[in-house]
Amino acid sequence: MSSLLREEMDRVLFRPEGQKLVEFIEIEERHQGRHFLCVSISKDKEAQISVVLCRKVKHSRTKKLQHCGLEDSYERTEIWALEDLLILDGRDPDIDDPYFLMHFDSVRSIRAVSCAAKYTLARCLLSLSRKHHHTALKLKNFDLTYIQPTPMYSDRGDCVVLAQICFYAFNLVCLSLCPVPL
């Protein structure tokens with residue numbers, strides 16, 4: 001489902017502006033509708049962070065079919081340049097907290113749908129900052145073991161990491177079932 005959503009948002013909202021959607025997470029906002037925090041990159045290698053509102057709108061497809069249905073409408077409500085992001089603050093690294101703060105000229109509070117989504121976004125922003133701005137983004141109050149690449153994790157995506165963990169667990173189960181000679 002998320003890959004279809006990513007493709008549709010990229011096609012409808014980002015590609016027409018000459019950008020590519022790199023990462024997105026769902027966030028919770030006070031306003032009605034689904035909200036996403038998106039990271040995109042332009043052809044000039046400038047990264048942007050934006051809040052996207054997704055609404056269901058009634059849309060008539062063609063007059064011949066007389067078919068009316070609900071369709072997603074996407075709108076960017078806030079946009080920032082990655083280079084303007086001074087600090088990404090995870091608030092408290094010791095608890096499972098989906099809230100984080102983005103420090104620009106002002107501070108923007110964000111609530112991700114999960115702590116995993118918050119860390120996914122932090123890894124993406126850190127990677128883009130190093131790659132395109134040649135500086136590391138200042139992170140505050142994040143558990144760096146979930147952000148920095150290690151032998152267990154590299155920037156390959158959460159699904160690959162999960163598969164690798166499952167593989168290790170399966171190997172441990174197999175080894176524990178082997179008879180030990182006395």
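1. Helix H1. In helix H1, which covers residues 2-14, the buried residues are Leu5, Met9, Asp10, Leu13 and Phe14. Viewed down the axis of H1, these buried residues fall within an arc of 130°, and they therefore line one face of the helix. Ser3 and Leu4 are exposed, and they sit on the face of H1 turned away from its buried side. The coordinates under discussion are those of a predicted model, and the remarks below should be read accordingly.

2. Overall composition. The protein contains 3 helices and 8 strands. Along the sequence, these elements follow the pattern α-β-β-β-β-β-β-β-α-β-α. The protein has 182 residues, of which 36% count as buried. Among contacts with a separation of 6 or more, 42% are made by residues 24 or more positions apart. The exposed area of the protein is about 11800 Å², and carbon and sulfur atoms supply 56% of it.

3. Strands E1 and E2. Strand E1 comprises residues 19-28, and strand E2 comprises residues 34-42. The two strands pair in the antiparallel sense over 8 bridges. One of the bridge partnerships joins isoleucine 27 to histidine 35 in E2. E1 and E2 form a hairpin with 5 residues between the strands, and in this hairpin glycine 33 takes a positive phi near 110°.

4. Serine 42. Which strand holds serine 42? Serine 42 is found in strand E2. Its relative accessible area is 15%, and because the cut-off for a buried residue is under 20%, serine 42 counts as buried. Leaving aside residues up to four places away in sequence, serine 42 touches Gly18 and Gln19.

5. Strand E7 and its partners. Strand E7 spans residues 107-112 and has two faces: Arg108, Ile110 and Ala112 make up the covered one, while Val107, Ser109 and Arg111 make up the uncovered one. E7 pairs with E1 in the antiparallel sense over 2 bridges. Within E7, alanine 112 is the bridge partner of isoleucine 27. Isoleucine 27 thus has a bridge partner in E7, alanine 112, as well as one in E2, histidine 35.

6. The hairpin of E6 and E7. Strand E6, residues 99-103, runs antiparallel to E7 and is joined to it by 5 bridges. The two strands form a hairpin with 3 residues between them. Phenylalanine 100 stands opposite isoleucine 110 in E7, and Ile110 belongs to the covered face of that strand.

7. Aromatic pairs. How many aromatic pairs does a search of the whole structure find? The search finds 5 aromatic pairs. One of them is formed by phenylalanine 24 and phenylalanine 36, in an edge-to-face arrangement with 5.6 Å centre to centre and 70° between the planes. This pair links distant parts of the chain, since phenylalanine 24 lies in strand E1 and phenylalanine 36 in strand E2, 12 residues apart. Phenylalanine 24 counts as buried at 10% relative accessibility, and phenylalanine 36 counts as buried at 1%.

8. A tilted pair and a cluster. Phenylalanine 167 and tyrosine 168 form an aromatic pair that is tilted, with 6.2 Å centre to centre and 50° between the planes. Phenylalanine 167 is partly exposed, at a relative accessible area of 48%. Tyrosine 168 is likewise partly exposed, at 40%. In addition, ring pairs link Tyr119, Phe142 and Tyr146 into a cluster.

9. Cysteines. A disulfide is a covalent bond between the sulfur atoms of two cysteines. With a cut-off of 2.5 Å between the sulfur atoms, the count comes to 0 disulfides. Is cysteine 124 buried or exposed? Cysteine 124 counts as buried, at 11% relative accessibility. Cysteine 166 is partly exposed, with a relative accessible area of 47%.

Note on methods
Residues are numbered from 1 along each chain as its sequence is written. This is a predicted model: local features need pLDDT of at least 70, side-chain atom pairs count only at pLDDT 80 or more; totals for chains, interfaces and linings use all residues. Side-chain values use heavy atoms; hydrogens and water are left out. Buried means under 20% relative accessible area, exposed over 50%, partly exposed in between (1.4 Å probe, protein chains only). Helices (H or I, at least four residues) and strands (E, at least two) are DSSP runs, numbered from the N terminus. Two strands pair if DSSP finds at least two bridges between them. Rings of Phe, Tyr and Trp (its six-membered ring) pair if their centres lie within 6.5 Å; planes under 30 degrees apart count as stacked, over 60 as edge-to-face and the rest as tilted. Contact means heavy atoms within 4.5 Å. Accessible areas come from the Shrake-Rupley method with a 1.4 Å probe; for residues, only the protein chains shown count as cover. The arc is that of the directions from the helix axis to the C-beta atoms.
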